[in-house]
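Work through the exercises below with the sequence and the structure side by side. Try each task before reading the solution that follows it.

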Amino acid sequence: MDYNATVNLPKTDFPMRAGLPKREPEMLAAWEKLDLYHELLKKNEGRPLFILHDGPPFSNGNIHMGTGLNKCIKDFIIRYKSMAGFNAPYTPGWDNHGMPIESAIIKEQKLNHKAMSVSEFRSACQAYAEHYLDVQRTSFKRLGVLGDWDHPYKTMEPRFEAEEVKVFGRMYQKGYIYKGKKPVYWCPKDETALAEAEIEYSEDECQSIYVKFKVVDDHGKLGQYCDLNDLYFVIWTTTTWTIPGNQAICLNADLDYVLAKQPNGEVYVLARGRMEEVEKVTGLTFEVLAELRGDEFELMTAKHPLYDRESVVILGDHVTLDAGTGCVHTAPGHGQEDYEVCRKYDASGKTNIGILVPVDDSGRMNELSGPYQGLTTDEANNKIFADLLYCGALLASETIQHQYAHCWRCHSPILYRATDQWFCSVDAFKEDAVRAARNVKWNPEWGADRMESMIRERADWCISRQRRWGLPIPVFYCADCGKPVCTPETIPCLRSSARRAPTPGSTWTPPSSCPRASPAPTAAARSPRRRPTPWTAGSTPAPPTSPPWSWTRPASGPRTSIWRAATSSAAGSSRAFSPPWP
């Protein structure tokens with residue numbers, strides 16, 4: 001029996017096989033011939049607008065699952081809104097600047113970018129970005145995504161850069177932009193500062209150490225309990241390489257601290273709540289000689305175990321009993337909380353701690369680290385550990401697993417390192433941002449609370465990068481005093497010049513009609529100088545000054561590895577962006 005004749009099926013012209021590899025290009029060609037995107041706009045012309053702002057992908061390679069899914073979801077939304085009666089235009093865009101482009105072209109084309117001129121490298125980056133913009137556009141269109149593909153926005157277009165300059169100028173005049181030397185996320189592999197959004201965390205194995213700092217000045221408070229020659233503050237850290245940057249020891253004013261004596265007669269200052277854990281790690285048994293509140297130790301000093309300088313004892317709310325000893329190793333050049341608490345003390349006039357940064361752009365110890373100069377931070381870890389052990393300052397160590405920050409692009413561990421950078425002060429408009437968020441209809445509703453919490457917890461945003469392929473910070477520097485100059489005269493001039501800028505890889509010379517910025521208050525009048533300057537060169541800080549440091553080895557000293565600094569402050573290093581005129 002022929003069972004096919006018993007099945008009641010519809011009669012259609014549909015082929016037995018879908019033949020998608022053949023049919024899909026035909027459908028896309030038909031849509032393009034029909035100009036489907038603009039036909040949809042005409043259909044809903046005059047109706048309420050629905051604007052979807054396209055967060056752009058980087059034009060640094062082929063599309064992947066993430067970028068493909070992103071575009072398809074946006075296409076779903078645009079089509080739905082269009083069918084729902086909204087005029088829903090969609091202008092796609094690309095981010096063409098920055099480290100993702102530089103990293104990709106260096107890796108793919110094996111470029112020796114350090115041997116290339118700025119213009120050559122920028123021209124190569126521009127061509128690379130244009131190429132992959134076309135590749136990605138073709139792929140997105142192949143996925144059936146509708147949009148104004150012939151007129152996308154590109155961050156490397158002069159008109160786009162000109163608007164960035166305009167917005168920067170407005171923010172600068174309102175006080176939202178400032179330059180400062182403070183710890184930032186720093187990628188030693190790419191030699192650039194990173195923003196918080198460019199950081200990812202993963203589990204790393206590290207060696208944590210407990211280090212003794214001998215008490216020098218106890219302000220006459222502790223000698224009644226023990227011999228000061230046997231008294232030490234004990235700090236704990238998971239980053240041994242930051243020990244050369246130690247300038248203070250931070251305690252919590254409200255915690256209880258003990259003078260804990262061990263069998264060999266040495267006495268350690270520890271938080272009572274951490275004493276038991278320290279006993280486990282060291283294998284020692286302590287006898288409590290006295291107990292004092294943290295604020296009793298303020299402004300005492302202790303000798304650095306490796307250098308001929310002292311560390312001052314300060315107080316901070318960030319000190320907790322979660323780990324360590326309750327006496328926090330404080331290196332203001334290598335940690336945000338360390339920097340903030342030291343800056344607070346310096347501003348009050350109680351101390352003159354300053355900032356010490358003994359690590360250079362490439363993640364190697366510099367001249368400020370003395371005997372460790374030239375070592376990578378990993379190499380310095382081993383050498384510093386050995387020196388601490390040799391001079392008797394290492395109390396204990398243990399290997400632990402902890403969450404550590406990595407660069408999102410190269411996935412290498414980052415450093416916390418103070419450098420001269422430009423920042424956007426988020427505090428200046430946090431409340432305005434919160435009020436704006438409250439005027440948004442959120443779905444789900446808890447999104448409002450999450451957004452408000454994120455805004456309030458946001459730290460100042462580091463906006464400068466040490467790159468060649470990018471938009472520069474549109475600020476000049478006084479040739480006499482080095483102060484930044486950004487005025488209502490300079491910004492319109494730069495914006496106008498940016499709109500007329502030639503290809504991004506070329507140089508730009510300020511026109512003769514460009515108004516000269518008023519000099520900084522301390523600057524003497526000088527005739528304007530003009531010289532070619534790379535336009536959209538990497539966003540870099542002002543030219544650095546030579547650090548006023550020198551190092552001398554002490555004449556003698558038993559079982560020590562001590563180096564002495566000539567001054568108490570240091571300048572960070574950075575590449576220079578030469579201003580077009582003083």
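A nonpolar core is a set of buried Ala, Val, Leu, Ile, Met, Phe, Trp, Tyr and Cys residues joined through side-chain atoms within 4.5 Å, where buried means under 20% relative accessible area, exposed over 50% and partly exposed in between, with a 1.4 Å probe and protein chains only. The model is predicted, so local features need pLDDT of at least 70 and side-chain atom pairs count only at pLDDT 80 or more, while totals for chains, interfaces and linings use all residues. Residues are numbered from 1 along each chain as its sequence is written, and side-chain values use heavy atoms, with hydrogens and water left out.

**Exercise 1. The nonpolar cores**

Find which residues of the largest nonpolar core touch the most other members.

Solution. Begin with the core itself, which has 48 residues; those that touch the most other members are Phe233, Leu251, Tyr257, Leu259, Phe297 and Ile314. Next, take Phe297 and list its contacts (heavy atoms within 4.5 Å): leaving out residues up to four places away in sequence, Phe297 touches Leu222, Phe233, Leu251, Tyr257, Leu259, Val269, Leu292 and Val313. Finally, look for a second, separate core, which has 15 residues, including Val165, Cys424, Val485 and Leu494. In soluble globular proteins, nonpolar side chains tend to be buried together.

**Exercise 2. The partners of one strand**

Determine which strands pair with strand E5 and in what sense.

Solution. Helices (H or I, at least four residues) and strands (E, at least two) are DSSP runs numbered from the N terminus, and two strands pair if DSSP finds at least two bridges between them. Strand E5, residues 199-217, runs antiparallel to strand E14, residues 394-407, and 13 bridges join the two; here Glu200 stands opposite His406. With strand E6, residues 231-237, E5 pairs over six bridges, again in the antiparallel sense, and Lys214 has Tyr232 as its bridge partner. With strand E11, residues 301-303, E5 forms three bridges, also antiparallel, and Asp217 is opposite Thr301.

**Exercise 3. The two sides of a helix**

Compare the length of helix H9 with its expected span, then establish where its buried residues lie around the axis.

Solution. The expected span of a helix is 1.5 Å times one less than its number of residues. For H9, residues 377-390, the 14 residues should span 20 Å, and because the end C-alpha atoms are 19 Å apart, the two values agree. The buried residues of H9 are Thr377, Ala380, Ile384, Phe385, Asp387 and Leu388. They lie on the same side of H9, because they cover an arc of only 165° around the axis, the arc being that of the directions from the helix axis to the C-beta atoms. These buried residues pack against E5, E14 and strand E15, residues 415-424, whereas Asp378, Asn382 and Leu389 are exposed on the other side. After H9 comes Gly392, whose phi is positive, near 80°.

**Exercise 4. The surroundings of Met275**

Decide whether Met275 is buried or exposed, and find which residues it touches.

Solution. Locate Met275 in helix H7, residues 272-282. Met275 counts as buried because its relative accessibility is 12%. Beyond residues up to four places away in sequence, Met275 touches Val258, Ala260, Leu270, Phe286 and Val288. As a last step, compare Met275 with Gly324, 49 residues apart along the chain: their C-alpha atoms are separated by 9.5 Å.
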